[in-house]
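Me: Before I trust the labels on a model, I like to ask what stands behind them. Can we go through this one label by label?

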Amino acid sequence: MAAKIMKRAGVIGAGVMGATIAAQLANVGIETLLLDIVPPEMSEEEKKKGLTKESKAFRNRFSQNGVQTAIKSKPASFYLPENARLISVGNLEDDLTRLKEVQWIIEVVVERLDIKKRVFEKIESVMSPGTIITSNTSGISAKAMCEGRSEGFRKHFAITHFFNPPRYMKLLELVPGPDTLPEVVETLAEVCEKVLGKGIVYANDTPNFVANRIGIYSMLYVIKTMMDLGLPIEAVDALTGPVVGHPKSATFRTADLVGLDTVVHVANNVYEGVVNDEKREMFKVPDFIRQMIEKKLLGEKTKQGFYKAVKEKDGTKAILSLDYNTMEYTPQQKLKMASLEGAKNIQGTAGKIKSLFYADDQAGQFTFRTMAETLIYSASRIPEIADDIVNVDNAMKWGFAWRMGPFEAWDAVGLKSSVEKMKKAGFEIPGWVQGMLDSGKESFYKKDAGVQYFYDIASKDYEPVPVKPGIILLPSLKDRQKKVAGNKGASLVDLGDGVACLEFHTKMNALGDDIVSMIIKSADIVSNQFDGLVIANHGDNFSAGANLPLILFTAQEEEWDELDWGIKTFQDSLMKLKYLNKPVVAAPAGLTLGGGCEICLASDRVRFAAETYMGLVEVGVGLIPAGGGTKEMLVRNTEHFFEVQPGGVYPKQIELVPFVARAFETIALAKVATSGPEAIKLGYLRPTDKMTVNRDFLIEEAKKTVLAMNLEGYTPPRPVQEIRVAGENTFALMKMAIWTLHQQGYATDHDVTVSEKVAHVLCGGRVHGDTKVSEQYLLDLEREAFLSLCGNPKTQARIQHMLNTGKPLRN
């Protein structure tokens, strides 16, 4: 079964996980049937409504509530709320036969083998031949779940373990059963990777598979080391967060978010299942954790866990941490760890980890002990839980959001020197790791001629890291001398087939002089030497916008000519992209804000990642979009009214106010799309722009878009010389609306100043209604407004506050 014909799926179990898996299926266009049990009793509310036990609203209550919960969830489970229409609800008594219509059934019921087996018995009684059945279990054996089932069922059964929340977590652990057909595994891998956007880790049928096995072990050893060294909880979170490439939630904030009961359930499941694991006793949770369970200190779900939010006497909010010795909440301690502060100032995750690993103070001791134990445990579990180090590393990066997997981190601290340190400390090194070192191989990964290799335990040699067809890696191309031009901020890379890629590589891909100059240079090179241009990168964010520190410094120094020249150059560079004689396709992912959004607005097409968060956010720092963003939002909201009809006839004049107001609202409220599809609704993207769910394939699909545009016969757009604007009367109306918001307390004095500048540009300045203006005229208005706001002390205060806190200031 090919991924392209996976059109219908069924999900059994409408709890949080089942409903959000159904949401992701709906996000990618798969019609989904969501079933749950019939409620045992009617609620008082249902009785008041006059429902009976035969009413659909009662019988489908659990599945309907699951959909509603997914719609309201934060972060959002649906790309767009209306995607929920692709989910139909039902129950296992009335609607079981509807499963005959689906091609894939996913079981997501409670983690009890007996209940799962009863569900599978029901499914088998109605399923069509060839239907794929999978379980979302986080740890129950595939072999055990298949017992008693028919041969046809067993051949089409596997585990697809999604991580929570399914929309955002990349990892999917794929675990075949003893009799699963290879083509079933291939189909699931293709659907989950290409359609659902997951990263596939092939795991073996062992307790809790890969990510949870290592992740829970690492967490419990962190707790043990914390207790041994007498460290407070907040100190451990400081040492196990971003400084070592882990999420900001680190250890204990993560446990609070997930729920301590869930963590303990996973630990207990591993303990019961791994009778031959030499580290089995580590999965017994400490006494104070058991006390927390008894006291219902479970984290977010009970409003107290390792941390607790309280209100101080003065009304301010404080976050207390749990003292695990007294089981009381106390104010967090201020940390003084020299090596931790030193590591924070080192560039790059690898350097930070290495610095802490070899430090001698308490922070160094903690990092060395916890990291050494995690690395050794990971190595000792191959090939038990997975066949190679690549799958283990990917599991931890995609499932626990580690920047580096265990073996990548081991390379970062230096394999040979770290093993010597571990031996001196009494750690026992896994035999295959020692054998690898003895053979002269001193890293788990290596690069050669642009190809990355990993140490394969079975062959005792390096093998190429598998790269799926359709994945383009820019660093690999640069290693193979495919870089055409570049500077510190950006590079132009040859993707092959006549297509080049402009890659940004500044911090947060903030736009400065280096990137702007490379946009201009790349446009010139592509115009003469290539057939088209892709704008993309592998950073977490496509671009977080302009270089604010540079703008603030230039404004404070009152270098107005220099600032004017910088804005004009950026405008010109994007106009050059917009009217290039070759197709330009932007491929954004992550934050695509301010100038990053304007680059997309200037491109012919956008091939966007599903998780693209796009917006013109300049008003948040007291500025307006001035790289063509304000102009482009006006054009995009009004252009369809002024297209010349067949025969050269212009359409009837239409009142502009509602469409100018829509553009104004989007900019003035700094609306940011929470998904790629929402960016289309907000007008940042066009309906002709297309989505790639799995970002790994984004650059390749953007390249294919360029090639397709040329195949269709690309004709570059012509400059727009006649843009109809609403004029000063509409501007007066908008000023009145802005002032009303100010009077009602919704806008500050400076909000009024900035909003009026936005309205001034969108209305075309001080001209009569229905005046026709050029793009350059509107760009000049943008630039004038931007410069005037840069000189405003309140704007400068907003920029400084944003740089200091990362949050907007309302002044």
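What follows is a round of questions about those labels, each answered with the value and its cut-off.

Me: What kind of model is this, and how are its residues numbered?

Reply: This is a predicted model, where local features need pLDDT of at least 70 and side-chain atom pairs count only at pLDDT 80 or more, while totals for chains, interfaces and linings use all residues. Residues are numbered from 1 along each chain as its sequence is written, and side-chain values use heavy atoms, with hydrogens and water left out.

Me: Why is the protein chain called as compact as a globular protein of its length?

Reply: First the parts: the chain has 33 helices and 25 strands. Its radius of gyration is 29 Å, close to the 28 Å that the globule rule gives for 811 residues, so the chain is as compact as a globular protein of that length. The radius is taken over C-alpha atoms, and the rule is 2.2 Å times the number of residues to the power 0.38. Helices (H or I, at least four residues) and strands (E, at least two) are DSSP runs, numbered from the N terminus. Along the principal axes, the C-alpha atoms fill a box of roughly 80 × 70 × 65 Å.

Me: What makes leucine 33 buried?

Reply: Buried means under 20% relative accessible area, exposed means over 50%, and partly exposed is in between (1.4 Å probe, protein chains only). Leucine 33 has 4% relative accessibility, so it counts as buried. You'll find leucine 33 in strand E2, residues 31-36. Across the protein chain, 55% of the 811 residues count as buried.

Me: Which residue has a positive phi of about 65° although it is not a glycine, and how do you know whether it is buried or exposed?

Reply: That's lysine 296. Its relative accessibility is 52%, so lysine 296 counts as exposed. Lysine 296 sits in the loop between helix H13 (287-294) and strand E9 (307-311).

Methionine 327 also has a positive phi, about 60°, and is not a glycine either. Its relative accessible area is 11%, so methionine 327 is buried. Look for methionine 327 in the loop between strand E10 (317-323) and strand E11 (328-331).

Me: What joins asparagine 164 and proline 165?

Reply: A cis peptide bond, with omega about 0°. Proline 165 is in the loop between strand E6 (157-162) and strand E7 (171-176). Isoleucine 382 and proline 383 are joined by a cis peptide bond too, with omega about 10°. The loop holding proline 383 runs between helix H16 (362-380) and helix H17 (389-399).

Me: Why is the contact of glutamate 124 with arginine 149 called a salt bridge?

Reply: Side chains of opposite charge can pair when their charged atoms come close. The cut-off for a salt bridge is a side-chain nitrogen of Lys or Arg within 4 Å of a carboxyl oxygen of Asp or Glu. In this pair the closest N and O atoms are 2.6 Å apart, so the definition is met. Glutamate 124 is in helix H5 (residues 113-126) and arginine 149 in the loop between helix H6 (142-146) and helix H7 (151-155), so the pair ties together parts 25 residues apart in sequence. At 22%, glutamate 124 is partly exposed, whereas arginine 149 is buried at 14%. The structure holds 53 salt bridges.

Me: Which residues does arginine 381 meet in salt bridges?

Reply: One is aspartate 277, at 3.5 Å, N to O. That pair links distant parts of the chain, 104 residues apart: arginine 381 in the loop between H16 and H17, and aspartate 277 in the loop between helix H12 (260-273) and H13. Arginine 381 also bridges to glutamate 278, with the closest N and O atoms 3.2 Å apart. Glutamate 278 lies in the loop between H12 and H13, so this pair ties together parts 103 residues apart in sequence. Arginine 381 is buried at 5% relative accessible area, and aspartate 277 is buried at 7%.

Me: What makes the patch with Asp513 negative?

Reply: Asp513, Asp514, Glu557, Glu558, Glu559, Asp561 and Glu562 gather there on the surface, and Asp and Glu count as negative. A patch takes residues with over 30% relative accessible area and no salt bridge, with like charges joined within 9 Å. Aspartate 513 has 51% relative accessible area, so it is exposed. Helix H22 (513-529) and helix H24 (560-578) each supply at least two residues of the patch.

Note on methods:
Patch = residues over 30% accessible without salt bridge, like charges linked within 9 Å, V, L, I, M, F, W, Y side chains within 5 Å. Areas by Shrake-Rupley, 256 points an atom, 1.4 Å probe, with all protein chains shown as cover. Charge placed at Lys NZ, Arg CZ, Asp CG, Glu CD.
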